[in-house]
Amino acid sequence: RRAAKLSATKNTIALLRPAARAFPKSLTPTFGLLVSFQSLLIRPSRPAVFNNSRSINMFLFKKPAMVTKESALKGRDTPMDAGTNTHFVLKTPLRPPFPENIQVIVFGTGCFWGTEKGFWRMPGVFSTAVGYAGGFTPNPTYEEVCSGKTGHNEVVHVAYDPAVVSFSDLLRTFWESHDPTQGMGQGNDTGTQYRSGIYFYTEHQQALAEASKAAYQELLGGKKITTEIVPAGPFYHAEEYHQQYLARPGSRPYCSAQPLGIQLTGAAWVPEELKAEHAPKLPDAYYAKHGPRPGCTIKFDNAQVSLSSL
């Protein structure tokens, strides 16, 4: 009898997967549970269902909550093997040291596969790498991060040339590429590892991040932004199969980001004392043709955009 029930459940989930994709937020507790299952089915390389914090939270109908430092997994001293040090698309190094003119920042907008592709396509981006940050466990595995017991976020480490692409341009892409009001999740992906976050390295990055958040909040009106803006701690590279995943042969076109279609245009939001150095550099033509929109990371080409093509 139990086997028959399991078979019926699988068949029901298969039938409802198209509907689940169309409804990123659960309409009822029962449908929400099915959405949880379908996310695990369509996104490859995820842990088993009961080893996933998202499924457990949906089972218990509890909102995801950050783990404490004391209760976080202990991790390990040895870094995980991230494989090659060459970017699959840009053919640049994934890890420092980078050229002296290159600056770095870390972003989290939900599932890091789509986030990374959105940034590596930007003119002036030298390299990107996906990984884990913002938590407590040293050198975590993907499965450990998905358990919700590390405190880490799925993030993208972006190395960029500020002479070509301004940090303000990166921030515009950040805000426009997801819904920063969803708290501990993004679309079909729910859990502390899918939260919105900016992890800065310099005072100028912090000031610009805070200013852009205030400007975007004004554009959104009553929907409160939940993005965390905190100093960058250790960044742990994810496993090699996650790096530039959407560009790899055989990858599945999955991205749960939900851009709101609200644009952070112009430089009015940039603090006056920072405009000379950090005013936006990319033309409006770039955003009109290549800017974030629903499904953009899946539909767009993998190659980096050339300014001369605009």
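## Inside a predicted model: helix, sheet and core

Phe112, Trp113, Gly114, Thr115, Glu116, Lys117, Phe119 and Trp120 are the buried residues of helix H4. That leaves H4 mostly covered, with eight of its nine residues buried. Bear in mind while browsing that this is a predicted model.

What does H4 lie across? Helix H4 (residues 112-120) sits across strand S1 (103-109), strand S2 (125-133) and strand S3 (153-160), and it runs at about 160 degrees to S2. Those three strands belong to an open sheet of six, ordered S7-S6-S1-S3-S2-S8 with mixed pairing. At the edges you'll find strand S7 (228-231) and strand S8 (236-237), each pairing on one side only. Next to the S7 edge, strand S6 (residues 196-200) pairs with S7 in the parallel sense over four bridges. If you want a specific pair to look up, glycine 197 has glutamate 228 in S7 as its bridge partner.

Now for the greasy part. The largest nonpolar core has 44 residues, and Ile105, Phe107, Leu170, Leu171 and Ile198 touch the most other members. Helix H7 (residues 203-220) supplies the largest share of this core, six residues. There is also a second, separate core of five residues, including Val106, Val155, Tyr199 and Phe235. As background, nonpolar side chains in soluble globular proteins tend to be buried together. Which residues does isoleucine 105 contact once neighbours within four places in sequence are left aside? The list is Val156, His157, Val158, Tyr160, Phe167, Leu170, Ile198, Tyr199, Phe200, Tyr201 and Gln205.

Aromatics come next, with 12 aromatic pairs in the count. One of them joins phenylalanine 112 and tyrosine 142, which are stacked at 6.5 Å centre to centre with 25 degrees between the planes. This pair links distant parts of the chain: phenylalanine 112 is in helix H4 and tyrosine 142 is in helix H5 (residues 142-146), 30 residues apart. Both phenylalanine 112 and tyrosine 142 are buried. Elsewhere, Phe107, Phe119, Tyr160, Phe167, Phe174, Trp175 and Tyr216 form one aromatic cluster.

What about disulfides: how many are there? The count is zero. Cysteine 111 doesn't make one because its sulfur is 6.4 Å from the closest cysteine sulfur, in cysteine 255, too far for a bond; the cut-off is 2.5 Å. Cysteine 111 is buried, at 4% relative accessible area, while cysteine 255 is partly exposed at 23%.

Finally, some backbone oddities. Most peptide bonds are trans, and most residues other than glycine have a negative phi. Against that background, the peptide bond from proline 96 to proline 97 is cis, with omega near 10 degrees. Proline 97 is placed in the loop between helix H3 (53-60) and S1. Two residues other than glycine with positive phi go side by side here:

| Residue | Phi | Loop | Relative accessible area |
|---|---|---|---|
| Lysine 91 | near 65 degrees | between H3 and S1 | 58%, exposed |
| Asparagine 139 | about 50 degrees | between S2 and H5 | 10%, buried |

Is lysine 91 buried or exposed? Lysine 91 counts as exposed because its relative accessible area is 58%, and the cut-off for exposed is over 50%. Asparagine 139, in the loop between S2 and H5, counts as buried at 10%.

Note on methods:
Residues are numbered from 1 along each chain as its sequence is written. This is a predicted model: local features need pLDDT of at least 70, side-chain atom pairs count only at pLDDT 80 or more; totals for chains, interfaces and linings use all residues. Side-chain values use heavy atoms; hydrogens and water are left out. A nonpolar core is a set of buried Ala, Val, Leu, Ile, Met, Phe, Trp, Tyr and Cys residues joined through side-chain atoms within 4.5 Å. Buried means under 20% relative accessible area, exposed over 50%, partly exposed in between (1.4 Å probe, protein chains only). Helices (H or I, at least four residues) and strands (E, at least two) are DSSP runs, numbered from the N terminus. Contact means heavy atoms within 4.5 Å. Two strands pair if DSSP finds at least two bridges between them. Axes are lines fitted to C-alpha atoms, for helices over the stretch in contact, and angles run from 0 to 180 degrees between N-to-C directions. Rings of Phe, Tyr and Trp (its six-membered ring) pair if their centres lie within 6.5 Å; planes under 30 degrees apart count as stacked, over 60 as edge-to-face and the rest as tilted.
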